[in-house]
Amino acid sequence: MRHLITTKDLSNAEILGLFKDTEEFLDERPRSLLKGKTVTTIFFENSTRTLSSFETAAQRLDAKVLRLDVSRSSSSKGETLYDTAANLDAMGPSAIVMRHSKSGVPFKLARYVNCPVLNGGDGKHAHPTQALLDLFTIRKHFKGDIEGKTLIIVGDIKNSRVAASNIKLLTRFGIRVILVAPPHFMPTVNLPKCYNLDEGIEQAEIIMSLRTQTERHETQMYGSLKDYASDFCITKERIKDKKVIILHPGPVHRNIDISDEVLADERSLVLKQVKNGVAIRMAALKKLILEND
Ligand code: NCD
């Protein structure tokens, strides 16, 4: 049984195969490739984009979506993950999409069920479909020519599962990744690091900005988000007329991560990422569900 828990679950050739389907699915036409299938979504952590993106993706392929309302689910009554999983499984879903605030929970769930599990984000660990849609967006922009391109990841890298998955995936495809953050947001991975945003921008062809993951901080790291913004917000004054593209997984803290002006600039691909995300998730659901048929 194939699952999508981290980007390592897919080979480079499989990812390029997914991108072919993704490209087709961008036409937003409904298809009946998953007619008669059911996709269960169970999100133990807040989400706007990822949940609605997966559900739109499933519906566009004609699958039925069963969203489990976690606030009413029995895990809030103390049911173990094993029992939740066994009960979910007994309903015979074709795939389960799960988000959880603890790293590793989707991986554990996958061991108990008889259908593919897709990780919609677990703790600080991984967010594979986000990294896939980011790589797809970058490749599409550069028409496939991404080898050796320089990307800076800016912000709370240490606490971000988006950064963790992107670091693994983008470097696999030959992108040069530089980490730009204050020391307390810098992870210990073996990649070039830069503590000054202007120096980072100088080298960048792609900027990936991240939200400060305040919900994961044990103590407040900056006097205020405004202090952080004065050092790390992507503003017009900083990027000037530089030829660069700007990505952000959302939700964006406006004028803290990226200024209003830059978000509206044509170099910002933030809404393209959202559009591409639905098509990527269609391709991933199609692949995992049909492979398991
Ligand atoms: C991210 C997440 O939940 O990891 N959002 C998303 O899925 N698009 C990033 C974040 O919360 O900052």
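Trainee: What makes P249 a polar contact of the ligand?

Mentor: Keep in mind that this is a predicted model. A polar backbone atom of P249 sits 2.8 Å from a nitrogen atom of the ligand. The cut-off for a pair of N or O atoms is within 3.5 Å, so the pair counts as a polar contact.

Trainee: Which atoms of Q130 and the ligand are paired, and how far apart are they?

Mentor: An N or O atom in the side chain of Q130 is 3.4 Å from a nitrogen atom of the ligand. That also falls within the 3.5 Å limit, so call it a polar contact. With H127, a polar side-chain atom lies 2.7 Å from an oxygen atom of the ligand.

Trainee: How do you know how much of the ligand the protein buries?

Mentor: On its own, the ligand exposes 320 Å², and the protein buries 93% of that. The space the ligand takes up is the largest pocket.

Trainee: Which residues surround the ligand, and how do they divide?

Mentor: Among them are T50, R99, R161, V162, R211 and Q213. The shell splits into three nonpolar, five polar and three charged residues. G250 and P251 are in the shell too.

Trainee: What makes the bond between G250 and P251 worth a look?

Mentor: That peptide bond is cis, with omega at about -10 degrees. Most peptide bonds are trans. P251 is in the loop between strand 9 (245–247) and helix 10 (260–264).

Trainee: And what is there to say about phi of E28?

Mentor: Phi of E28 is near 65 degrees, a positive value in a residue other than glycine. Most residues other than glycine have a negative phi. You'll find E28 in the loop between helix 1 (12–25) and strand 1 (38–43).

Trainee: Why is the protein chain called as compact as a globular protein of that length?

Mentor: The protein chain has 11 helices and nine strands. Its radius of gyration is 19 Å, close to the 19 Å that the globule rule gives for 293 residues, so the description fits.

Terms used:
Residues numbered from 1 in each chain as written. Predicted model: local features only at pLDDT ≥ 70, side-chain atom pairs only at ≥ 80, totals over all residues. Heavy atoms only, no water. Near = heavy atom within 4 Å. Polar contact = N/O pair within 3.5 Å; in protein donor to acceptor, adjacent residues only side chain to side chain. Areas by Shrake-Rupley, 256 points an atom, 1.4 Å probe, with all protein chains shown as cover. 1 Å grid on protein atoms, 1.4 Å probe; cavity = no way out; pocket = protein on both sides within 12 Å on 5 of 7 lines; lining within 4 Å. Sits in = over half its atoms within 2 Å of the grid points. Nonpolar A, V, L, I, M, F, W, Y, C, P; charged D, E, K, R; others polar. Helix = DSSP H or I, 4+ residues; strand = E, 2+ residues; numbered from the N terminus. Rg over C-alpha atoms; globule rule 2.2 N^0.38 Å.
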